[in-house]
Amino acid sequence: MTLYIGREASKLWKRICAEITTEINLLAENWRYILAGLICQYIHGLAARGVHYLHRPGPTLQDVGFFLLPELGRDKAYISETVFTFAFASFVLWTFHPFILKTKKIYTVLVWCRVLAFLVASQILRIITFYSTQLPGPNYHCREGSKLARLPHPHSAAEVLLINFPRGVLYGCGDLIFSSHMIFTLVFVLTYQKYGTKRFIKQFAWLIAVVQSFLIVASRKHYTVDVVVACGYILIILSFLHAELPDRTGGSSLFLPVSTKEKDARSKEENHKLLNGNGGDPADWRPRTQVNGKIMEDGNAVLSDNAMNGA
């Protein structure tokens, strides 16, 4: 038993080391995309903090979801955040599963490049929308009478730039249209839907997304329109920015960065086709030879008009 455990532990360690080497090589080529995505996350948080200074509390707007779903109340508002944290942590752990499990369909670095690209595209539009129209926040700390509903003018730039994390993120107001929680949840679920392998997990993930959407409205974090717009926009952005990730057997992506080796191999292949007279059309990939200045196609000489007249 001890020998078996030692042998399996040795295999696991070798697998982890090999995966770390692979991912480091990918990170060395794609770190700019990861860094840009993380910087955009900070900019999004900064924008959400800024709109809180503009927020003015007022009467809660009429909302169908508020009529249909009972209010959770202050003491149960944590349920929505708990479900979201579970979904977030589960997805992060899944993206690192190639380091441990034998079944490897994804590359961790490339998955996060794709996820961050979708998040950035969604958050840019989100910033535009919640700065365009500021709605009175329906959350408890955003209502009239709450000390957190309005922020006093900042005394220094550092007060704004530090965004009072994490309190400033949890108790923000004004960044309503559309729901950031639904952006993250749907991007995670749709990514696993495409690249995950367990069917029951895919079904469970969709269940989590549906439950999360109801909890967001029931906890009065957002209006129903914020959830609906988030769902619609994510489906649109995924269709426009659709990108195929390379699997573990090879291939490349249209929108994701291509490795230097793949670029060199692709260039050599294109140059080889051009030298042989073959274009990009597969129907034109025929062997061609040159005899006495004449191009031969399929063994038949292409004669010029002068040669025909001379015959």
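A salt bridge is a side-chain nitrogen of Lys or Arg within 4 Å of a carboxyl oxygen of Asp or Glu. I start my notebook with that, as I want to look up such pairs in this predicted model.

**Entry 1: the salt bridges**

My first pair is Arg126 with Asp175, whose closest N and O atoms are 3.4 Å apart. Arg126 belongs to helix α4, while Asp175 sits in the loop between α6 and α7, so this pair ties together parts that are 49 residues apart in sequence. I then asked myself: are Arg126 and Asp175 buried or exposed? Both Arg126 and Asp175 turn out to be buried.

How many salt bridges does the structure hold? I find three. A reminder to myself: side chains of opposite charge can pair when their charged atoms come close.

Next I looked up Glu81, which forms a salt bridge with Lys221; here the closest N and O atoms are 3.5 Å apart. This pair, too, links distant parts of the chain, with Glu81 in helix α3 and Lys221 in the loop between α8 and α9, 140 residues apart. Lys221 has a relative accessibility of 17%, and buried means under 20%, so I write Lys221 down as buried. Glu81 has a relative accessible area of 21%, so I note Glu81 as partly exposed.

Then came Arg143 and Glu71, whose side chains meet in a salt bridge at 3.4 Å, N to O. Again distant parts of the chain are linked: Arg143 is in the loop between α4 (108–132) and α5 (157–161), Glu71 is in the loop between α2 (64–68) and α3, and the two are 72 residues apart. I have Arg143 down as partly exposed at 25% relative accessible area. Glu71 is partly exposed as well, at 40%.

**Entry 2: the overall layout**

I stepped back to view the whole chain. The protein has 11 helices and three strands. Reading along the sequence, I get the pattern α-α-α-α-α-α-α-α-α-α-β-β-β-α. The protein has 311 residues, and 39% of them count as buried.

**Entry 3: what the record says**

I checked UniProt, where an unreviewed entry places the feature "transmembrane region" at residues 77–97, 109–131, 169–192 and 227–245. I compared two of these stretches with the model. Residues 77–97 are 86% helix and 0% strand, and their end C-alpha atoms lie 32 Å apart. Residues 109–131 are 100% helix and 0% strand, with 32 Å between the end C-alpha atoms.

**Entry 4: two backbone details in loops**

Which residues does a cis peptide bond join? I found Ile177 and Phe178, with omega at about 0°. Phe178 is in the loop between α6 (167–170) and α7 (180–195).

My other stop was Arg220, which has a positive phi of about 60° although it is not a glycine. I located Arg220 in the loop between α8 (199–218) and α9 (224–240). With a relative accessible area of 5%, Arg220 is buried.

**Entry 5: a nonpolar patch**

On the surface I picked out a nonpolar patch formed by Leu27, Trp31, Leu35, Ile39, Tyr42, Ile43 and Leu161. Together these residues have about 630 Å² of accessible area. Which helix gives the largest share of the patch? Helix α1 (residues 2–54) does, with six residues. I looked at one of the patch residues in more detail: Trp31 lies in helix α1 and is partly exposed, with a relative accessible area of 41%.

**Entry 6: a pocket**

I turned to the second largest pocket, which holds about 450 Å³ of space. The lining of this pocket is made of 22 residues, and Ser90, Phe91, Trp94, Tyr192 and Ile201 lie nearest its centre. The elements that give two or more residues to the lining are α3 (78–95), α7 and α8.

**Entry 7: one last residue**

Finally, I looked up Leu101, whose place is in the loop between α3 and α4. Leu101 has a relative accessible area of 44%, so I list Leu101 as partly exposed. Its C-alpha atom is separated by 9.2 Å from that of Ile16, and the two residues are 85 residues apart along the chain.

Definitions and conventions: Residues numbered from 1 in each chain as written. Predicted model: local features only at pLDDT ≥ 70, side-chain atom pairs only at ≥ 80, totals over all residues. Heavy atoms only, no water. UniProt positions renumbered as here; feature names shortened; annotations may be inferred. Helix = DSSP H or I, 4+ residues; strand = E, 2+ residues; numbered from the N terminus. Buried < 20%, exposed > 50% of the residue type's maximum accessible area, 1.4 Å probe, protein only. Patch = residues over 30% accessible without salt bridge, like charges linked within 9 Å, V, L, I, M, F, W, Y side chains within 5 Å. Areas by Shrake-Rupley, 256 points an atom, 1.4 Å probe, with all protein chains shown as cover. 1 Å grid on protein atoms, 1.4 Å probe; cavity = no way out; pocket = protein on both sides within 12 Å on 5 of 7 lines; lining within 4 Å. Points joined across faces, edges and corners; volume = space filled by probe spheres on them.
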